[in-house]
Amino acid sequence: MSTTAFTARVIASHGRHYVARDNDGKLWHCIARGKKREVAVNDLVRVTDLGNSGDVSQPQAVIEEIDARKNLFKRSDQFKEKAITANVDQVWFVVATEPSFDPELLSRCQVACAAEDIDFSTILNKADLSDLLPRAEALLDPFVQIGIPVIRTSTLDGRGLDRLRDQLAGKSTALTGQSGMGKSSLINALVPDAQATIGDISRYLDTGRHTTTTVQAYQAGVDTTIIDVPGLQVFGLSHLSDEQILLAFPEFRPYLGDCRFRDCRHDQDPGCALQAAVSAGNATSPRLALLRRLLIDIKTPA
Ligand SMILES: Nc1nc2c(ncn2[C@@H]2O[C@H](COP(=O)(O)OP(=O)(O)OP(=O)(O)O)[C@@H](O)[C@H]2O)c(=O)[nH]1
Ligand SMILES: [Mg+2]
Ligand SMILES: [Zn+2]
């Protein structure tokens, strides 16, 4: 038994337990030592062999240290930050023709990514359900208008998958979004031996069933990582500063600082440059309402 620390990549998290893969491809069942800050999937960690692999299916190791992160895709409530995954080049937010999706959740995720400098794009999956396509396209249109890329895909007829594959090659990517949109199905289509669990959607409730319960990273080639994230229902942004929030809305950036009053609340205030941008058709009122709400949420402790 050796106690020399070695490097591994965290590929799954189950509460306080993690699975990490070392440079030889060997999987280790890990716990974090002491009151370590939260370990996230796709963290590069220094681990030591616990040596007591007796009756377990995987050798055990202890996470001693987390390497410096390029970024952390995370959400938060007023009490706590919740790491989703670390060190990603991009996040693709998956929506579908059904179940219906919440544009605000998409917006919130985009804002979180902007604050961490993570590229953000959307996938419109289940494009094979053509009669439902116009409704979904209409909900996505405001995001397309502000420059967020969208790829239409179907895991049933395969459309869009080659384009998506090209976008993912050589990068670390998280697929996120609400439950039932087909994130795990996409991973199975892109990573032949992934065997990610696929769930039904409930037509009655018009929601997914929260099939994926852990964040898990899959390898689609040596330098291509695709991370499956459990379906999101809320995306709190309490960790962001006012400045980060203001800079995260690309459509409002040209107008920042142009309001008549320095303490403009961008509501009914006279001379508000952000309201003017909405009136001129350069931005939408749901996005301005979200921006305003995020600024107020954070200033007002509950
Ligand atoms: N028609 C159609 N159905 C699809 C497509 N992709 C996935 N589905 C179905 O959508 C349902 C949900 O798929 P999942 O891949 O489990 O969805 P998920 O986003 O991973 O859901 P959670 O793990 O709960 O977050 C399953 O019944 C899939 O068979 C598609 O392109 N077209
Ligand atoms: Mg899933
Ligand atoms: Zn204003």
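Mentor: Ala, Val, Leu, Ile, Met, Phe, Trp, Tyr, Cys and Pro count as nonpolar, Asp, Glu, Lys and Arg as charged, and the others, Gly among them, as polar. This is a predicted model, in which local features need pLDDT of at least 70, side-chain atom pairs count only at pLDDT 80 or more, and totals for chains, interfaces and linings use all residues. Residues are numbered from 1 along each chain as its sequence is written, while chains are lettered from A and ligands numbered from 1 in the order in which they are written.

Trainee: How many residues of each class does the shell around ligand 1 have?

Mentor: A residue belongs to the shell if its C-beta atom, placed from the backbone, lies within 6 Å of the ligand. The shell holds 25 residues, with Ser179, Gly182, Ser184, Thr212 and Gly231 the closest. By class, they divide into six nonpolar, 14 polar and five charged residues.

Trainee: Which helix gives the most to the shell around ligand 1?

Mentor: Helices (H or I, at least four residues) and strands (E, at least two) are DSSP runs numbered from the N terminus. The chain has seven helices and 15 strands. With three residues, the greatest contribution to the shell comes from residues 183-190, helix H4.

Trainee: Is H4 mostly covered or open, and which of its residues are buried?

Mentor: A residue is buried if 20 or more other C-beta atoms lie within 10 Å of its own, exposed if 12 or fewer, and partly exposed in between, with C-beta atoms placed from the backbone. H4 is mostly covered, as six of its eight residues are buried. The cover includes S8, strand S9 (119-125), helix H3 (161-168), strand S11 (172-176), strand S14 (216-219) and strand S15 (225-228). The buried residues are Lys183, Ser184, Ser185, Leu186, Ile187 and Leu190.

Trainee: Which residues does Thr212 touch, leaving out those up to four places away in sequence?

Mentor: Thr212 lies in the loop between strand S13 (207-208) and S14. Thr212 counts as buried because it has 21 C-beta neighbours inside 10 Å. Contact requires C-beta atoms, placed from the backbone, within 7 Å. By that rule Thr212 touches Lys183, Ser184, Ala196, Thr197, Asp228, Pro230 and Gly231.

Trainee: Is Ile296 buried or exposed?

Mentor: Ile296 is found in helix H7 (residues 285-299). Its C-alpha atom is separated by 9.1 Å from that of Arg265, 31 residues apart along the chain. Because 11 other C-beta atoms lie within 10 Å of it, Ile296 is exposed.

Trainee: Which strand supplies the largest share of the largest nonpolar core?

Mentor: A nonpolar core is a set of buried Ala, Val, Leu, Ile, Met, Phe, Trp, Tyr and Cys residues joined through C-beta atoms within 7 Å. The largest has 72 residues, of which Ala20, Phe73, Val91, Val95, Leu175 and Ile227 touch the most other members. Its largest share, six residues, comes from residues 90-96, strand S8.

Trainee: How many residues do domain 1 and domain 2 each bring to their contact?

Mentor: The bounds come from an automatic or database domain assignment, which gives domain 1 (6-66), domain 2 (72-228) and domain 3 (242-299). Taken over C-alpha atoms, the centres of domain 1 and domain 2 are separated by 27 Å. The contribution from domain 1 is nine residues, and that from domain 2 is 13 residues.

Definitions and conventions. Contact = placed C-beta atoms within 7 Å.
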